[in-house]
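This report describes how two protein chains meet each other and how they meet DNA. The sequence and structure are shown first, and the interfaces follow.

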Number of protein chains: 2
Amino acid sequence: MPANLRSTDLPTLQDVAEAAKVSTATVSRCLNNPEQVTARTKKRVMDAVSRLGYSPNFGARALAARRTNTFGAIIPTMDNAIFARGLQAFQKALETEHATMIVASSSYDPDIELDQIRNLVARGADGLFLIGNDHDPEIYEFLSRRNIPTVLAWTISSDPELASVGFNNLEASRTLALEALNLGHQRIGFISAHTAHNDRARDRVRGARKAMEELGLDPEALRLEETNYSIDCGFEAFNRLMAADKEITLVMCGNDVLAVGALQAARHAGIRIPEDVSVTGFDDIELARVVTPALTTVHVPHRQMGRLAAQLLLEERKGETSSRHIVLDTNVVLRESLAPPKFRDKR
Amino acid sequence: MPANLRSTDLPTLQDVAEAAKVSTATVSRCLNNPEQVTARTKKRVMDAVSRLGYSPNFGARALAARRTNTFGAIIPTMDNAIFARGLQAFQKALETEHATMIVASSSYDPDIELDQIRNLVARGADGLFLIGNDHDPEIYEFLSRRNIPTVLAWTISSDPELASVGFNNLEASRTLALEALNLGHQRIGFISAHTAHNDRARDRVRGARKAMEELGLDPEALRLEETNYSIDCGFEAFNRLMAADKEITLVMCGNDVLAVGALQAARHAGIRIPEDVSVTGFDDIELARVVTPALTTVHVPHRQMGRLAAQLLLEERKGETSSRHIVLDTNVVLRESLAPPKFRDKR
DNA sequence: ATTATTAATGTAAGCGCTTACAGTAATCCA
DNA sequence: TGGATTACTGTAAGCGCTTACATTAATAAT
């Protein structure tokens with residue numbers, strides 16, 4: 001170990017350069033543009049690199065190069081698995097170009113989201129992966145002022161400037177609702193995540209209403225319960241729904257987590273699913289097929305979204321401008337929790 | 001916007017200093033040691049900061065200050081929820097000191113883990129949060145050479161040098177096994193995650209064997225199936241187990257995810273749980289109580305581990321040396337999937 | 001062999017911040 | 001009121017890298 005190296009300090013490019021008897025520029029080139037360097041000197045340098053256990057200082061590199069090969073992802077929550085698969089795919093796609101991902105979560109809070117975006121940008125994110133359409137105007141301003149490549153996922157961007165890869169939440173929800181309504185359900189409840197800063201949640205509710213309207217039901221008759229994102233909240237919301245109107249025969253849920261909560265609540269209350277009440281979810285996370293009864297839900301292309309988002313971002317960096325708004329298909333997955341309503345004697 | 005500022009460039013400390021008509025040093029102090037600055041100039045500076053939308057460049061700051069207030073967490077997988085709660089608690093505890101977390105996942109691969117550690121350290125992590133005890137020797141060497149505060153979670157460190165906060169996997173598994181064996185089970189299968197680079201998985205198997213031994217059963221008679229980490233793998237492992245020995249009455253699983261797969265496989269095969277076969281899990285993730293039948297499992301203090309790990313790391317940074325090895329309790333959660341074996345006619 | 005090209009390497013100027021040190025203004029005490 | 005403290009603020013030297021440009025070595029062309 002060189003004498004000028006305290007044991008707690010990492011070796012620097014400088015150290016490598018001295019050890020290999022070349023300039024720092026050459027070492028840098030070996031690492032970043034190896035084709036510009038003779039095989040012989042390259043070997044000398046690489047030997048020194050591994051001998052010293054050198055690894056470039058990220059901050060210094062970002063500072064000098066003004067890019068980081070890092071992309072930031074901000075998801076509303078890490079708590080459940082909805083975004084996990086998408087992120088995994090995003091990361092994997094980045095890896096093919098040796099780019100890396102950093103994740104942050106906003107806890108569904110617009111202020112935190114802005115903070116996190118600032119943070120990731122300060123950390124040098126070359127681009128950003130965001131969920132949904134509904135963001136603080138300040139965020140949009142920030143991103144466009146800084147000219148930061150961004151792609152919105154899980155939605156279709158309403159801003160032509162911002163790339164997106166997602167699906168039509170409204171249509172998907174409408175399709176599922178039509179499927180259910182055609183079975184004969186008339187009294188319908190909907191358990192949704194809070195719709196305030198959440199376009200996806202809103203669209204899913206709207207889709208259900210639209211389906212009702214098309215089939216001649218009053219969309220305003222939909223009983224809506226908004227709640228937080230957890231199984232327990234779904235549990236309670238289901239109970240509130242049934243307490244408010246015991247003749248509901250179909251409870252649609254804005255996502256699978258809430259639906260699982262609803263299933264639990266039903267069992268707890270001795271309500272049979274789907275004999276007494278049908279329940280549907282949305283997302284098709286692993287949970288949906290594992291639960292009893294298995295959940296009828298909307299399958300969402302998590303992985304594809306993650307992968308394509310990474311591609312868009314990487315292309316944008318290369319200056320390629322490809323299709324900026326990718327709309328993917330969803331499909332209804334019929335499982336056990338949805339059935340025709342049983343004729344029930346009105347009290 | 002100052003003329004020297006291209007629209008795509010972030011404002012710098014310099015810009016703020018000019019706008020506030022002070023030196024860069026003063027701006028820096030306002031941000032980092034506000035008590036050293038007069039209220040009047042502080043206000044001038046802060047106004048300029050918000051007017052310009054300034055946010056410090058992370059890389060430059062890390063480079064100059066030689067610390068980042070950032071801690072890295074490396075987990076084996078993001079795919080399921082086992083580590084999510086722990087991480088969330090870790091992050092939350094860091095926030096109280098305005099520190100932040102960056103996450104990476106190793107996919108249970110020691111090589112990737114080393115890469116990720118290098119990466120996080122290059123990114124300036126002031127400390128590291130790792131899962132388990134089983135790491136590449138190179139990792140230990142790297143960490144001690146660099147003097148990087150590290151805490152191992154989900155385990156009890158076998159290296160007195162490295163702090164840890166976890167629980168005794170062997171004892172926890174043994175306790176659960178005793179509970180089950182005392183019900184009368186004799187033929188036992190165990191579905192485990194791969195034990196190769198995974199001390200937790202190994203200890204859980206050993207715990208079961210130990211319990212068998214204590215009760216006079218041959219520990220070698222335990223039928224072990226190792227597999228990957230997923231519901232589907234648990235499904236297949238269960239089938240293999242039952243194909244190999246149809247008189248098994250208890251299938252212990254190294255974690256809840258595998259156990260849920262086992263439950264599915266049983267239902268699929270028409271095996272009733274717990275009447276025909278009992279199944280146990282480990283971890284007590286949300287899934288465990290939601291599944292039918294609800295899973296008997298070992299409750300693990302995810303949140304506490306995350307929180308305490310953050311505390312240890314923060315203390316270490318302040319130079320406080322507190323208890324370096326925290327051992328937490330686990331407890332068996334009895335639910336529906338475990339019952340006494342039914343007397344079965346030996347065909 | 002000599003010159004024109006091209007390829008490989010070196011030199012040095014920053015990137016945006018923090019902080020030791022120096023300098024200046026404000027406050028204290030006799 | 002003058003000198004000694006003390007409290008702020010400024011100056012400037014890096015932190016560890018990348019990269020435009022200059023220089024030197026290798027190769028091609030005449």
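A polar contact is here a pair of N or O atoms within 3.5 Å; within protein, one atom must be able to donate a hydrogen and the other to accept it, and residues adjacent in sequence count only if both atoms are side-chain atoms. The model is predicted. By this rule, 15 residue pairs are in polar contact across the interface of chain A and chain B, with both residues at pLDDT 80 or more.

## The interface of chain A and chain B

On the side of chain A that touches chain B, two or more residues come from each of helix 4, helix 5 (84–95), strand 2 (100–105), helix 6 (110–122), helix 7 (137–146), helix 10 (231–244), helix 11 (256–268) and helix 12 (286–290) of chain A. By residue type, this side of chain A comprises 18 nonpolar, 14 polar and 12 charged residues.

Chain A contributes 44 residues to the contact, and chain B contributes 44 residues. Between them the two chains bury about 4100 Å², of which 49% is on carbon and sulfur atoms. Of the area that chain A buries against chain B, 15% is supplied by Arg123(A), Arg145(A) and Val290(A), more than by any other three residues.

## Salt bridges

Side chains of opposite charge can pair when their charged atoms come close. Across the interface of chain A and chain B there are 2 salt bridges. Arg289(A) forms a salt bridge with Asp232(B), and the closest N and O atoms of this pair are 2.6 Å apart.

Over all chains, the whole structure holds 36 salt bridges. One of them joins Lys210(A) to Glu171(A), with the closest N and O atoms 3.7 Å apart. This pair links distant parts of the chain: Lys210(A) lies in helix 9 (residues 199–214) of chain A and Glu171(A) in helix 8 (residues 169–181) of chain A, 39 residues apart.

## DNA strand C

Around DNA strand C there are 24 residues, of which Thr38(A), Thr41(A), Leu13(B), Ser28(B) and Tyr54(B) come nearest. The surface near this strand has 12 nonpolar, 9 polar and 3 charged residues. Helix 2 (24–32) and helix 4 (58–65) of chain A, together with helix 2 (24–32) and helix 4 (58–65) of chain B, each supply at least two residues of the surface near DNA strand C.

Of the atoms of DNA strand C within 4 Å of the protein, 66% belong to sugar or phosphate and the rest to bases. The side chain of Thr41(A) has an N or O atom 3.1 Å from a phosphate oxygen of the strand. For the side chain of Asn32(B), the corresponding distance to a phosphate oxygen of DNA strand C is 2.8 Å. Asn57(B) instead places a backbone N or O atom 3.0 Å from a phosphate oxygen of DNA strand C.

## DNA strand D

DNA strand D is surrounded by 24 residues, the closest being Leu13(A), Ser28(A), Tyr54(A), Thr26(B) and Thr38(B). Of the atoms of this strand within 4 Å of the protein, 67% belong to sugar or phosphate and the rest to bases.

An N or O atom in the side chain of Arg61(A) is 2.9 Å from a phosphate oxygen of DNA strand D, and one in the side chain of Thr26(B) is 2.7 Å from a phosphate oxygen of the strand. With Arg29(B), the partner is a base: a polar side-chain atom of this residue lies 2.8 Å from a base nitrogen of DNA strand D.

## Overall form of chain A

Chain A contains 13 helices and 12 strands. Its radius of gyration is 26 Å, whereas a compact globule of 347 residues would have one near 20 Å. Along the principal axes, the C-alpha atoms of chain A fill a box of roughly 90 × 40 × 35 Å.

Technical notes:
Residues are numbered from 1 along each chain as its sequence is written. Chains are lettered from A and ligands numbered from 1 in the order in which they are written. This is a predicted model: local features need pLDDT of at least 70, side-chain atom pairs count only at pLDDT 80 or more; totals for chains, interfaces and linings use all residues. Side-chain values use heavy atoms; hydrogens and water are left out. A residue is near a molecule or strand if one of its heavy atoms lies within 4 Å of it. Helices (H or I, at least four residues) and strands (E, at least two) are DSSP runs, numbered from the N terminus. Ala, Val, Leu, Ile, Met, Phe, Trp, Tyr, Cys and Pro count as nonpolar, Asp, Glu, Lys and Arg as charged, and the others, Gly among them, as polar. Contact means heavy atoms within 4.5 Å. Buried area is the accessible area (1.4 Å probe) that two parts lose on being put together, summed over both. A salt bridge is a side-chain nitrogen of Lys or Arg within 4 Å of a carboxyl oxygen of Asp or Glu. The radius of gyration is taken over C-alpha atoms; the globule rule is 2.2 Å times the number of residues to the power 0.38.
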